[in-house]
Amino acid sequence: MNSIELAGVGMTSQRTRERLIQRLIDQGIISQPVLDVMRMTPRHLFLDEALSHKAYEDTALPIGYSQTLSQPYIVARMTEILLSAGPLKKVLEIGTGSGYQTTILSQLVQQVYTVERIEPLLKKAKERFRKLGLQNVVAELSDGSFGWDGHAPYDGIIATAAPQAVPEELLRQMAPDGILVIPVGNGQTQDLRLLRRIGKSHEFNEEIVEKVKFVPLLGGVSR
Ligand code: SAH
């Protein structure tokens with residue numbers, strides 16, 4: 001686990017960040033570790049400079065290639081749900097994007113594996129991980145619909161792009177009692193689903209958490 005209190009604090013006042021944290025609390029985020037990590041992590045470092053003044057607003061923001069950095073509330077909510085399973089050793093993230101969600105996770109779990117299908121986005125994200133000194137993140141260019149077999153099983157899997165149905169492969173890569181948080185659907189909005197593997201069985205408890213708005217999970221990689 002890393003703790004990063006990073007450079008660049010001067011760029012945005014502590015008050016602006018505190019306002020975002022207060023908004024997350026008002027929207028029902030209760031996990032103190034999640035709130036603390038989001039307070040310390042400079043979201044503006046994950047955006048192009050032209051947009052960095054919007055970094056502490058609670059909205060999704062464009063990162064190029066028709067992709068978006070998720071809304072802080074959603075990042076907080078998904079992370080909080082994931083952690084509700086207890087301390088997590090190995091987590092797989094599908095859809096690295098800017099690397100913001102990855103960076104939040106890396107401070108809360110032991111090891112994060114993350115995959116992205118768009119090479120230029122992955123490159124930028126990796127550069128950010130390097131600059132931030134994250135030691136427990138491994139990122140790769142690949143189609144996350146197939147998970148990442150090489151490091152399975154995972155205590156937690158989080159998808160930040162929406163498939164039309166839960167990919168079988170992800171269920172297969174979950175550790176006993178593992179947890180999967182994933183937006184599912186093909187409309188303008190999707191259902192955020194929470195699946196929990198029941199012990200070592202191949203059965204899962206499933207719950208719909210809320211409506212969310214994610215970019216679609218697409219197949220193949222793009223260089
Ligand atoms: N977690 C990101 C959110 C980025 S948006 C962040 O915090 O910035 C979702 C990302 O999922 C996009 O970058 C998109 O390219 C990626 N994606 C979509 N389908 C994918 C797939 N099959 N495999 C891996 N990444 C995928």
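A cavity is a set of grid points where a 1.4 Å probe fits but cannot get out, whereas a pocket is an open set. This predicted model holds 1 cavity of 30 Å³ or more. The ligand takes up another kind of space, the largest pocket.

**Ligand site**

The ligand is surrounded by 26 residues. Among the closest are Ser 98, Asp 143 and Leu 218. By class, the shell has 10 nonpolar, 12 polar and 4 charged residues. Strand E2 (67-69), helix H4 (100-106) and strand E4 (111-116) each supply at least two of them. E2 gives the most, with 3 residues.

Three polar contacts of the ligand are listed here.

| Ligand atom | Protein partner | Distance |
|---|---|---|
| Nitrogen | Glu 93, side-chain N or O | 3.2 Å |
| Nitrogen | Gly 95, polar backbone atom | 3.1 Å |
| Oxygen | Glu 116, side-chain N or O | 2.6 Å |

On its own, the ligand has 570 Å² of accessible area, and the protein covers 99% of that. Glu 116 is also among the closest residues to the ligand.

**Largest cavity**

The volume of the largest cavity is about 60 Å³. Its lining includes Phe 46, Leu 47, Asp 48, Pro 62 and Ile 63. Gly 97, Ser 98, Leu 121, Lys 124 and Arg 128 line it too. Strand E1 (61-64) and helix H5 (119-132) each supply at least two lining residues. H5 gives the most, with 3. The lining divides into 5 nonpolar, 2 polar and 3 charged residues.

Ser 98 links the two sites: it lines the largest cavity and is one of the residues closest to the ligand.

How values were computed: Residues are numbered from 1 along each chain as its sequence is written. This is a predicted model: local features need pLDDT of at least 70, side-chain atom pairs count only at pLDDT 80 or more; totals for chains, interfaces and linings use all residues. Side-chain values use heavy atoms; hydrogens and water are left out. A residue is near a molecule or strand if one of its heavy atoms lies within 4 Å of it. A polar contact is a pair of N or O atoms within 3.5 Å; within protein, one must be able to donate a hydrogen and the other to accept it, and residues adjacent in sequence count only if both atoms are side-chain atoms. Accessible areas come from the Shrake-Rupley method with a 1.4 Å probe; for residues, only the protein chains shown count as cover. On a 1 Å grid over the protein atoms alone, a cavity is a set of points where a 1.4 Å probe fits but cannot get out, and a pocket is an open set with protein on both sides within 12 Å along at least five of seven lines; lining residues have an atom within 4 Å of a point. A molecule sits in a cavity or pocket if more than half of its atoms lie within 2 Å of its grid points. Helices (H or I, at least four residues) and strands (E, at least two) are DSSP runs, numbered from the N terminus. Ala, Val, Leu, Ile, Met, Phe, Trp, Tyr, Cys and Pro count as nonpolar, Asp, Glu, Lys and Arg as charged, and the others, Gly among them, as polar. Grid points are joined across faces, edges and corners, and a volume is the space filled by probe spheres set on the points.
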